[in-house]
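The exercises below ask you to read a structure step by step, moving from one helix to the strands and then to the charged side chains. Try each task with the structure in view before you turn to its solution.

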Amino acid sequence: MIPGATATAQLVTPTLLDDPSAGVSGLTTAVCLAESGARVVIRAAAPPGQTTSAVAGAIWGPHLVEESDRVARWGGETLAVLREFAADPATGVRTMTGVEGTRGTPPPPGAAPPEPPDWLGDLGAVPCRAADLPGGFASGWRYSAPLAHMPTYLGYLRARFEAAGGRVEAGTVRSLPASAAEHGARAVLNCTGAGARDLLPDPALTPYRGQVVIAENPGLTEFFIGLPDDTTELVYLFPHGDTVVLGGTEVAGDWNTQPVPAVATRILRDCAAVEPRLNGARVVGHRVGLRPFRPQVRLEAEPHGTGPLVVHNYGHGGAGITLSWGCAREAAALAARALG
């Protein structure tokens, strides 16, 4: 049984996956379990379209997550999978080129270009000239990365899960062992994201609120990410066909899931400063999600004695899609190893 949107996963005898909103981590974990032959139930309080995952931009790249060898490994595994998906339009994933910019003082003329972080090197990053950046940005990298239209991608994952015999049911999880007992599950996989703070409880988890504006796309074909500094906010734009996702915010400890009009106004202003074609673009929607940040991603199996096995897979911060397949495969392997 998998909770997370509140989900349940079962392994041959049932596995319950708890995922309060059937987000990308829970669905991907469920796919790995179901396609390995496990009988899996996802219990979710909200459908995939109402998850933090559905709000995401969503581009491959580590964000608000620990820097470690294991994160690099999970991210590399996921990058390989998403690159394969980019060849199939039905997945909602495609490869997009764009720029990540940094504010500050431009490098002196003639200075050697800096070395990109390892993860940017995997994306073929090349340095940008200051003249090629929007006003206020001093340096940046140009690269190509997988970008997912999350409503389509989450639908693809759910269809793949159900084709493997999995089942999604509505409901909330108040206790992982009790939820497993209700379903006769030998294993529960906890993919509850920000919900883990109260469910377990886990005080190490902090939500980082993200708000975005969905606008009609005036013809943009490349993404832009402007990193924040001490005086400016995060800004980004991710084109998805006829629409563009505009952001953003990352406010620690803010549980408000309702759009704030003043924040939306600021997002529109900042994005139009980066890309003037967005001036006057018609707004078609507002979304808010809570990134589940933790100092370390929690991916482990708890000793279970005579009770159900509990495997935790949460705390991915802003890197849910970036780590999704690497973490899901490891979580599924932990469950299979313990129950096999």
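**Exercise 1.** How many residues does helix 3 have, and what span does it reach from its first C-alpha to its last?

*Solution.* Keep in mind throughout that this is a predicted model. Begin with the limits of helix 3, which takes in residues 69-85 and so has 17 residues, because helices are taken as DSSP runs. Then compare the two spans: helix 3 reaches 25 Å from its first C-alpha to its last, which is close to the 24 Å expected at 1.5 Å a residue.

**Exercise 2.** Find the buried residues of helix 3, and say which elements they pack against.

*Solution.* Taking buried to mean under 20% relative accessible area, we list Val71, Trp74, Gly75, Thr78, Leu79, Val81, Leu82 and Phe85 for helix 3. Next, look at what surrounds these buried residues: they pack against strand 5, strand 7, helix 5 (150-163), strand 15 and helix 9 (320-339).

**Exercise 3.** Describe how strand 5 pairs with strand 7 and with strand 11.

*Solution.* Take strand 7 to begin with: it runs antiparallel to strand 5, and 11 bridges join the two. One of the residues to locate here is Thr102, whose bridge partner in strand 7 is Ser139. Now turn to strand 11, which pairs with strand 5 in the parallel sense over 4 bridges. In this pairing, Ile225 of strand 11 is the residue that stands opposite Glu100.

**Exercise 4.** Is Glu100 buried or exposed, and which side chain of opposite charge is nearest to it?

*Solution.* Place the residue before judging its surroundings: Glu100 belongs to strand 5, which covers residues 93-103. Glu100 is buried, and the nearest side chain of opposite charge is that of Arg103, 11 Å away. A salt bridge requires the nitrogen and oxygen atoms to lie within 4 Å, and Glu100 has none. The side chain of Glu100 does, however, make a polar contact of 3.1 Å with the side chain of Tyr143. Beyond its neighbours within four places in sequence, Glu100 is in contact with several residues, among them Trp119, Gly140, Trp141 and Leu227.

**Exercise 5.** Which parts of the chain are tied together by the salt bridge between Arg142 and Glu222, and by the one between Arg282 and Glu216?

*Solution.* The whole structure holds 16 salt bridges, and one of them joins the side chains of Arg142 and Glu222 at 2.5 Å, N to O. Since Arg142 lies in strand 7 (residues 137-148) and Glu222 in the loop between strand 10 (206-216) and strand 11 (223-226), the pair ties together parts that are 80 residues apart in sequence. Both ends are partly exposed, Arg142 with a relative accessible area of 32% and Glu222 with 31%.

For the second pair, Arg282 and Glu216, the closest N and O atoms are 2.9 Å apart. Arg282 sits in the loop between helix 8 (261-274) and strand 15 (283-302), and Glu216 in strand 10, so this pair ties together parts that are 66 residues apart in sequence. Arg282 is partly exposed at 49%, and Glu216 is partly exposed at 35%.

**Exercise 6.** What separates Asp270 and Arg266 along helix 8?

*Solution.* The side chains of Asp270 and Arg266 meet in a salt bridge of 3.2 Å, N to O. They are 4 residues apart in helix 8, a separation of about one helical turn. Arg266 counts as buried, at 12% relative accessibility.

Definitions and conventions
Residues are numbered from 1 along each chain as its sequence is written. This is a predicted model: local features need pLDDT of at least 70, side-chain atom pairs count only at pLDDT 80 or more; totals for chains, interfaces and linings use all residues. Side-chain values use heavy atoms; hydrogens and water are left out. Buried means under 20% relative accessible area, exposed over 50%, partly exposed in between (1.4 Å probe, protein chains only). Lys and Arg count as positive and Asp and Glu as negative; His and the chain ends are not counted. A polar contact is a pair of N or O atoms within 3.5 Å; within protein, one must be able to donate a hydrogen and the other to accept it, and residues adjacent in sequence count only if both atoms are side-chain atoms. Contact means heavy atoms within 4.5 Å. Two strands pair if DSSP finds at least two bridges between them. The expected span of a helix is 1.5 Å times one less than its number of residues.
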